[in-house]
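User: I'd like a close look at the pockets in this model, and at the largest one above all. Could you walk me through what lines it, and then take in the surroundings?

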Amino acid sequence: MTPTLLTPARRERRATAPPRPGRTRRRPFLAPYLFVAPFYVVFAAFGLYPLVFALQLSFTDWKGAGAARFIGLENYTYLLTSEEFWSSLGNSAVMWLLIVPVQIVGGLAAAVLLANARLRLRGMFRVAFIAPFVTPLVAMAQVWIVAFDKDYGLVNHLLGLVGLPDIDWLQSTAWAKPTLALLFLWKTTGFAIIILLAGLQAVPSDVYEAAALDGASRIRQFWSLTLPLVRRSIAFLVVVQTLAVFQMFAEPHVVTQGGPYGSTTTGGLYLYNHITTSDLGTGAANSFLLVLLVFALSLVSVRLLRSRDE
């Protein structure tokens, strides 16, 4: 047979005609969902289910064995009327004041210095700042106990060399929190420097060059350019460190065990005390109250640090 030649008009109509039902190719609609399914399975098993279970547990009286007894809002009422709960939050608030403002100011100053390409041994300084962050906390907490011992500690020995009296760092209600705050600063300031340094390096150099051509001094550039441009990094750091301070557990647990007289019992350590006494319902309620508190503080921090044009 002689093949039929298609005219240009017929060829155009065939190209624009809808495909026949029997000849359509089915797209693999399930393939994308199968690829992402493992993540959702793991999240549901280890993230969503424990969260829902803890929320349900916060309304019950359960000691870890037997049937849970539903008691409504009694756990929340007990915590909100407990002096120990509010004292733990007060201790965490004081620790926040001792840690976060100092870390923001000191970390930003260190990040500005490390961002200077003309700084000698810049790589060595970066490693020195990040080394405490990767050091095991429990090991350094033991070093802190020895260094700040009243009778045999290195710190009191150095104070004695300049004629100052010994200080009971870990057994005094006035000095225990600053001592723990110093340990937390030593441990996490390297992380703060990394976050702020990343924010500084994201600022185009042309901005500073244009400011220098306009006659702006280094101090003027810092207040008018550096601070506004790293505002988001500062806000992120405040949120993360607020969460870390109110969840602080290892430092007071190892160094002071929450003493003296409960002056270093933070929100995280107070929550842990419910777990050790198998009061799991109250512990779950305590955890959700901490989440709500930290969420509220984070919103306030982001609101205050948000730029006017956002």
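Analyst:
**The pockets and their linings**

Sorted by class, the residues that line the largest pocket are nine nonpolar, five polar and three charged. Please keep in mind that this is a predicted model, and every value here is computed from it.

Let's stay with that pocket for a moment. The volume of the largest pocket is about 650 Å³. Its lining is made up of 17 residues, and those nearest the centre are Val112, Ala115, Asn116, Tyr208 and Arg218. Helix H4 (83–114), helix H8 (176–201), helix H9 (205–213) and helix H10 (218–229) are the elements that each supply two or more residues to this lining. Of these, H10 gives the most, with four residues.

Now for the second largest pocket, which holds about 310 Å³ of space. This pocket is lined by 17 residues, with Pro101, Ile104, Val105, Ile234 and Leu305 closest to its centre. Two or more lining residues come from each of H4, H10, helix H11 (231–246) and helix H14 (280–305). Here H4 has the largest share, eight residues. The class make-up of the second lining is 16 nonpolar residues, one polar and no charged. So that you can set the two side by side:

| Pocket | Nonpolar | Polar | Charged |
|---|---|---|---|
| Largest | nine | five | three |
| Second largest | 16 | one | no charged residues |

Moving away from the pockets, there is a nonpolar patch on the surface, with about 1300 Å² of accessible area together; among its residues are Leu30, Tyr33, Phe35, Phe39, Phe43 and Val52. Phe35 sits in helix H2 (residues 30–57). Phe35 counts as exposed because its relative accessibility is 71%.

A few backbone details in the loops are worth a look as well. In the loop between helix H12 (250–255) and helix H13 (267–276) you will find Pro260. The peptide bond joining Gly259 and Pro260 is cis, with omega about -5°. Gln257 also belongs to the loop between H12 and H13. Although Gln257 is not a glycine, its phi is positive, about 55°. Gln257 is exposed, since its relative accessible area is 56%. Further along, Ser278 lies in the loop between H13 and H14. Ser278 is likewise a residue other than glycine with a positive phi, near 60°. At a relative accessible area of 31%, Ser278 is partly exposed.

Methods
Residues are numbered from 1 along each chain as its sequence is written. This is a predicted model: local features need pLDDT of at least 70, side-chain atom pairs count only at pLDDT 80 or more; totals for chains, interfaces and linings use all residues. Side-chain values use heavy atoms; hydrogens and water are left out. Patches are made of residues with over 30% relative accessible area and no salt bridge: like charges are joined within 9 Å, nonpolar side chains (Val, Leu, Ile, Met, Phe, Trp, Tyr) within 5 Å. Accessible areas come from the Shrake-Rupley method with a 1.4 Å probe; for residues, only the protein chains shown count as cover. A salt bridge is a side-chain nitrogen of Lys or Arg within 4 Å of a carboxyl oxygen of Asp or Glu. Buried means under 20% relative accessible area, exposed over 50%, partly exposed in between (1.4 Å probe, protein chains only). On a 1 Å grid over the protein atoms alone, a cavity is a set of points where a 1.4 Å probe fits but cannot get out, and a pocket is an open set with protein on both sides within 12 Å along at least five of seven lines; lining residues have an atom within 4 Å of a point. Grid points are joined across faces, edges and corners, and a volume is the space filled by probe spheres set on the points. Ala, Val, Leu, Ile, Met, Phe, Trp, Tyr, Cys and Pro count as nonpolar, Asp, Glu, Lys and Arg as charged, and the others, Gly among them, as polar.
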